[in-house]
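Subject: Structure for you to look at

Hi,

Here is the structure I promised to pass on. Please open it alongside this note; my findings follow below.

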Amino acid sequence: MLNHSRQNRNASYSCHPKVRWVVEIDGVLLIHHELEKKKKLGYPEAAVWDLATQGFAYARMVDLITRIASVGFREAENIVNGCLESLAEQGFLQKTE
Amino acid sequence: MANISITTKCNKKCRYCFASNSDNFMEGQTFEQTLDFLERSGIKEVRILGGEPTLHPGFSVFVRAALNRGFGILLFSNGYMPESALCFLEELPAEKVKILVNVVTNPESFDGLDKRLVSLFQRLNTKTIPGLNIDTPSIQLDFLLDIVLGFNTMRKVRLGLAHPKAEGGNHFLHPRYYPAVGRKIAEFSSKARPYGVGILFDCGFVPCMFPESSFSSIGPEMAELGKRCNPILDILPDGQVASCFPLASLQQEMLREDLTDTELRNVFSKKQETFRSMMLYKKCSNCTYRQHGHCTGGCLSASMQRQRFSKFTLTVPDCQGTLLSHFF
Ligand code: SF4
Ligand code: SF4
């Protein structure tokens with residue numbers, strides 16, 4: 001897995017205003033109404049999305065991901081950062097630095 | 001199949017209705033264009049609805065025009081039609097005209113049926129099919145069987161579910177109530193079958209709402225029930241076409257002279273591809289009915305009501321690694 005922990009310095013990620021999501025048993029389905037595309041997030045990425053929508057701060061989110069995914073801090077950071085970067089690249093999140 | 005809404009005007013105020021109850025009337029030329037469209041699509045039946053279609057000043061002219069071109073008529077009415085429309089329909093041959101009467105006031109029993117509806121069923125009897133749009137789990141259905149047997153209507157009843165508009169704003173039957181409604185339909189079906197009375201199901205019914213023990217009494221329709229969320233093609237009074245009324249805000253297409261129903265359906269299906277992964281319940285993703293091809297996940301418009309949105313922003317601090325090691 002890529003180490004994203006240094007890529008996201010001073011970055012903010014916000015939900016694209018045209019993105020909606022649906023919670024499923026096996027993850028979260030994102031729907032981009034403007035780009036007309038969808039993306040299914042399995043776990044633990046679905047948990048990252050869920051925690052972000054609930055307004056959890058980054059540090060707390062990484063802490064929770066360590067428990068949800070049973071991984072160490074670095075790995076949890078990588079999961080969170082990788083997920084944020086990838087969703088920003090695909091237009092589901094808007095990134096500002 | 002395609003439905004033609006010739007007016008949004010109505011004389012009732014059903015809380016689940018998609019129409020705006022305004023004086024929108026389809027023009028004669030647009031109606032002719034829709035008949036051309038049906039003809040080149042090989043569709044033999046004109047499905048006329050509203051609002052209350054009999055309130056259109058050109059109602060009888062439209063019906064005559066369709067009959068003269070060899071179409072059969074399926075009319076959707078609330079039954080509260082002007083006397084002139086009632087007389088006109090009385091005169092038409094039963095083999096060419098069917099009238100789905102949506103009983104908008106769900107009476108507790110047959111005795112509670114409004115006098116005007118009693119008169120309509122008496123006069124149009126064998127041309128009619130009584131029906132109900134279900135917008136609450138506290139429905140009574142037995143009166144429908146009484147209507148069929150008491151007035152000698154066609155041996156069918158039509159049931160519809162009140163679906164939400166994609167953009168929201170109308171009253172609808174929440175999918176959490178579907179199992180309660182399914183049980184009532186199953187009971188009704190077991191009473192109706194011995195009289196040879198079957199159920200015509202509109203779109204959006206799903207297998208998981210019915211007790212499995214009732215599948216055989218519901219009949220062969222059961223196999224197809226969960227696969228009925230497809231572009232219906234609802235043609236609006238201004239000649240625009242929507243996939244169906246609830247999805248009208250997502251996309252509308254002009255009724256172009258070169259398009260057939262199949263081509264239009266493909267246009268809508270393509271647009272809906274992104275949304276089709278949304279399904280009625282969380283449990284749909286693991287559902288065996290879906291895995292075996294018996295259900296596609298219910299009404300798309302109802303499924304879209306599950307969408308969430310929030311304006312979250314997550315800030316990733318510039319010293320994240322260090323901060324974290326202190327934090328823990
Ligand atoms: S796919 Fe969903 S709506 Fe369809 S039967 Fe299964 S659980 Fe019910
Ligand atoms: S979205 Fe599907 S089930 Fe719902 S009203 Fe339209 S065609 Fe019917």
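Is S70(A) buried or exposed? S70(A) is exposed, because its relative accessible area is 64%, and the cut-off for exposed is over 50%. Bear in mind that this is a predicted model.

S70(A) has a further feature. Its phi is positive, about 50°, although S70(A) is not a glycine. The residue sits in the loop that links α2 (58-68) to α3 (73-89) in chain A.

Now the overall picture of chain A. There are three helices and five strands. Read from the N terminus, the order is β-β-β-β-α-α-α-β. The radius of gyration is 13 Å, close to the 13 Å that the globule rule gives for 97 residues, so chain A is as compact as a globular protein of that length. Along the principal axes, the C-alpha atoms fill a box of roughly 35 × 35 × 25 Å.

Some totals for the same chain. Of the 97 residues in chain A, 53% are buried. Take the contacts with a separation of 6 or more: 49% of them join residues 24 or more positions apart. The exposed area of chain A is about 4400 Å², and carbon and sulfur atoms supply 49% of that. Chain A carries 12 positive and 12 negative charges, and the mean positions of the two sets are 2 Å apart.

Next, the loop between β3 and β4 of chain A. Two glutamates there deserve a look.

- E34(A) lies in this loop, between β3 (27-32) and β4 (37-41). Neighbours within four places in sequence aside, E34(A) is in contact with H16(A) and K18(A). H16(A) is 18 residues away along the chain, and its C-alpha atom is separated from that of E34(A) by 9.5 Å.
- E36(A) is in the loop between β3 and β4 as well. E36(A) is not a glycine, yet its phi is positive, at about 50°. With a relative accessibility of 35%, E36(A) counts as partly exposed.

For context on these phi values: most residues other than glycine have a negative phi, and most peptide bonds are trans.

That brings us to the cis bonds. In chain A, the peptide bond from Y43(A) to P44(A) is cis, with omega near 10°. P44(A) belongs to the loop between β4 and α1.

Helix α1 of chain A covers residues 45-53 and is mostly covered, with seven of its nine residues buried. The buried set consists of A46(A), A47(A), V48(A), W49(A), L51(A), A52(A) and T53(A). Just after this helix, G55(A) takes a positive phi of about 85°.

Over to chain B. Here a cis peptide bond joins G50(B) and G51(B), with omega about 15°. G51(B) is in the loop between β2 and α2. T54(B) is found in the loop between β2 (45-49) and α2 (59-68) too.

What does the side chain of T54(B) make a polar contact with? The partner is the side chain of E52(B), at 2.5 Å. T54(B) counts as buried, because its relative accessibility is 5%. Leaving out residues up to four places away in sequence, T54(B) touches F59(B), L75(B), M81(B), P82(B) and A85(B).

If you are short of time, start with the two cis bonds, Y43(A) to P44(A) and G50(B) to G51(B). Then turn to the positive phi values of E36(A) and S70(A).

Best wishes

Notes
Residues numbered from 1 in each chain as written. Chains lettered and ligands numbered in written order. Predicted model: local features only at pLDDT ≥ 70, side-chain atom pairs only at ≥ 80, totals over all residues. Heavy atoms only, no water. Helix = DSSP H or I, 4+ residues; strand = E, 2+ residues; numbered from the N terminus. Rg over C-alpha atoms; globule rule 2.2 N^0.38 Å. Buried < 20%, exposed > 50% of the residue type's maximum accessible area, 1.4 Å probe, protein only. Contact = heavy atoms within 4.5 Å. Areas by Shrake-Rupley, 256 points an atom, 1.4 Å probe, with all protein chains shown as cover. Lys, Arg positive; Asp, Glu negative; His and termini not counted. Charge placed at Lys NZ, Arg CZ, Asp CG, Glu CD. Polar contact = N/O pair within 3.5 Å; in protein donor to acceptor, adjacent residues only side chain to side chain.
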